[in-house]
Structure formats: structure tokens, C-alpha cells
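Q: Please take one part of this structure and look at it closely. Then work outward from there, for someone who has not met it before.

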Amino acid sequence: MRIIFGILASAAGIYSLLIFIRIILSWFGNISNEKPVEILSRFTDPYLGWWRKTLNIRIGALDFSVVAAIAFLSVVQSVFFILYGSARITAGIILAIVLSAVWNVISFIIFFCILVIILRLIAYLTNMDIYNSFWSIVNSISQPILYRLNRIVFGKRIGGFLNGIIISLLLLIALLIAGGFVVRMAAGYLSGLPV
């Protein structure tokens with residue numbers, strides 16, 4: 001039985017790698033008609049399509065459903081590795097793995113938002129041409145993030161743009177640090193392992 005769990009854990013890892021390769025290749029539109037890419041697409045796109053349709057996690061034009069899809073495979077792989085190692089698996093361990101995977105998705109999105117806001121801050125402070133294609137993309141991604149965070153902090157009052165960027169940045173960094181601490185503590189408690 002241990003061998004089967006080892007094979008399943010390896011298969012989940014290989015499939016995650018194939019999905020990652022598929023995502024990277026999707027950035028290069030000119031090779032999407034190549035035969036190997038087409039075969040890879042037929043193998044991975046139904047799984048990714050299900051996650052896109054089910055979750056639809058979007059920030060601007062970016063789709064983060066694939067991050068959830070990979071996180072789910074990571075959870076499955078972790079459970080199979082625990083079973084392969086013949087360690088006792090409990091509901092608490094599975095909940096700790098799921099909690100950690102969900103936090104990984106959330107922290108990835110928060111970290112991405114932090115990077116986008118830092119880029120927007122750089123553009124603001126250096127008077128970059130935000131109508132340039134790169135800065136236009138950064139602006140289109142940062143606008144909804146900044147708007148939502150500023151509504152949380154300022155409510156209906158209007159704060160200055162620079163203050164809004166800095167407060168949003170500090171809020172996201174605090175959320176990333178505090179969330180990571182809380183999740184580590186909760187996962188340790190659930191799994192019964194020392195933190």
C-alpha cells in the first residue's frame with residue numbers, strides 16, 4: 001500500500017509541474033499551436049478550466065484560479081507523502097495541510113498585490129509615464145486593489161493618493177505577517193506538532 005501512496009504522491013507532483021509548464025507556455029502565444037504544447041494543453045486545460053469556472057479568482061485581468069489548482073494538488077501530494085511515510089494521518093493533520101495550502105494561495109495573492117503597489121508607488125514618486133504599456137498594466141491592476149483597501153481604511157472620506165498607497169502597502173504587509181503567524185500557530189495546534 002505504501003508503494004501506491006508513493007506513486008500517487010509522485011503523480012500529483014508531476015502533474016503540478018506539467019501545469020506550471022503549461023502556465024509558463026501560455027505567456028508565449030506564438031508557440032501555442034506547436035504539437036507538444038497542444039498535447040500538454042489537452043492534458044492540463046480541463047483541470048485548470050474547472051478551477052477557473054468554479055472559483056474565478058481575478059484581480060483585474062489576472063486569473064489566480066490556477067494558484068488554487070496547484071495548491072489543491074499540493075495538499076493531495078502532502079497527504080499521499082504522509083501516507084507513504086506510514087505516519088499516522090489524522091483529521092487534524094489534513095486540516096493543517098489544507099489550512100496551510102489555503103494560506104499559501106492567499107499569501108501569494110497578497111504578496112503579488114504588495115509588489116504591484118510598490119511598482120505603483122515607484123511610478124508615482126518618479127513621475128513615470130503611466131500611459132506607457134507596462135505602467136498602464138501596473139496601474140490597471142493596482143487601481144482596484146488601492147480602491148478597495150482605501151475604502152476599508154478611509155470609508156467614504158477621501159484620502160490623498162500617496163497616503164492611500166502607503167497605508168495600503170502597510171496594511172497588506174501587516175496582513176501577510178499576522179496571517180502567516182496565525183496560520184502557523186493554528187496548523188501546529190491542529191496537527192499536534194510543535195510550532
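**Starting point**

A: Ser-41 sits in helix α2, which covers residues 35-54. A word of caution belongs here: this is a predicted model. Ser-41 has a relative accessible area of 13%. The cut-off for buried is under 20%. Ser-41 therefore counts as buried. What does Ser-41 touch, leaving aside its neighbours within four places in sequence? Its contacts are Arg-22 and Pro-46. Pro-46 lies within α2, the helix of Ser-41 itself. Arg-22 falls within the span of α1, residues 2-26.

**The chain around it**

Now step back to the whole chain. The protein chain has 195 residues, and 34% of them count as buried. It holds 6 helices and 2 strands. Their order along the sequence is α-α-β-β-α-α-α-α. So where do the two strands fall in the pattern α-α-β-β-α-α-α-α? They come after α2 and before α3, in the order of the chain.

The C-alpha trace spans about 60 × 50 × 25 Å along its principal axes. Consider the contacts with a separation of 6 or more. Residues 24 or more positions apart make up 59% of them. The accessible surface is about 12200 Å². Carbon and sulfur atoms hold 71% of that surface. Charged side chains number 14 positive and 5 negative. The centres of these two sets are 17 Å apart.

**Before the first helix**

Met-1 belongs to the segment ahead of α1. Is Met-1 buried or exposed? Its relative accessible area is 69%, and the cut-off for exposed is over 50%, so Met-1 is exposed. Compare its place with that of Leu-25, 24 residues along the sequence. The two C-alpha atoms are 36 Å apart in space.

**Helix α3**

Helix α3 runs over residues 65-84, a stretch of 20 residues. At 1.5 Å a residue, it should span 28 Å. The C-alpha atoms at its ends are 29 Å apart, so the model agrees with the expected span. Many names appear on its buried list, including Val-66, Ala-69, Leu-73 and Phe-80.

Val-75 is in α3 too. Its relative accessible area is 12%, which means that Val-75 is buried. Leaving aside neighbours within four places in sequence, Val-75 is in contact with Ile-97, Val-98 and Ala-101. Those three partners fall within the residue range of helix α4, 91-125. Ile-94 is 19 residues from Val-75 in sequence, and their C-alpha atoms are 8.3 Å apart.

Ser-78 also lies in α3. How far is Ser-78 open to the outside? It has 29% relative accessibility, so it counts as partly exposed. Along the chain, Ser-78 and Ala-12 are 66 residues apart. Their C-alpha atoms are separated by 9.3 Å.

**Helix α4 and the core**

Helix α4 has 35 residues. From first C-alpha to last it reaches 50 Å, close to the 51 Å expected. Just past its end, Asn-127 takes a positive phi of about 55°.

The largest nonpolar core counts 28 residues. Ile-117, Ile-145 and Leu-172 have the most contacts inside it. Four elements give two or more residues to this core: α3, α4, α5 (133-154) and α6 (161-191). Which of them gives the largest share? It is α4, with 13 residues.

Another core lies apart from this one. It has 10 residues, among them Tyr-15, Val-66, Ala-69 and Leu-73.

**Inside α6**

Take Leu-172, one of the residues with the most contacts inside the largest core. Leaving aside neighbours within four places, it is in contact with Ile-110, Cys-113, Ile-114, Ile-117 and Leu-149.

Ser-168 is in helix α6. With a relative accessible area of 1%, it is under the 20% cut-off, so Ser-168 is buried. Beyond its neighbours within four places, Ser-168 is in contact with Ile-117, Leu-146, Leu-149 and Asn-150. Ile-117 and Leu-149 are on the contact list of Leu-172 as well.

So back to the opening residue: Ser-41 of α2 is buried at 13%, and Ser-168 of α6 is buried at 1%.

How values were computed: Residues are numbered from 1 along each chain as its sequence is written. This is a predicted model: local features need pLDDT of at least 70, side-chain atom pairs count only at pLDDT 80 or more; totals for chains, interfaces and linings use all residues. Side-chain values use heavy atoms; hydrogens and water are left out. Buried means under 20% relative accessible area, exposed over 50%, partly exposed in between (1.4 Å probe, protein chains only). Contact means heavy atoms within 4.5 Å. Accessible areas come from the Shrake-Rupley method with a 1.4 Å probe; for residues, only the protein chains shown count as cover. Lys and Arg count as positive and Asp and Glu as negative; His and the chain ends are not counted. The place of a charge is taken as NZ of Lys, CZ of Arg, CG of Asp or CD of Glu. The expected span of a helix is 1.5 Å times one less than its number of residues. A nonpolar core is a set of buried Ala, Val, Leu, Ile, Met, Phe, Trp, Tyr and Cys residues joined through side-chain atoms within 4.5 Å.
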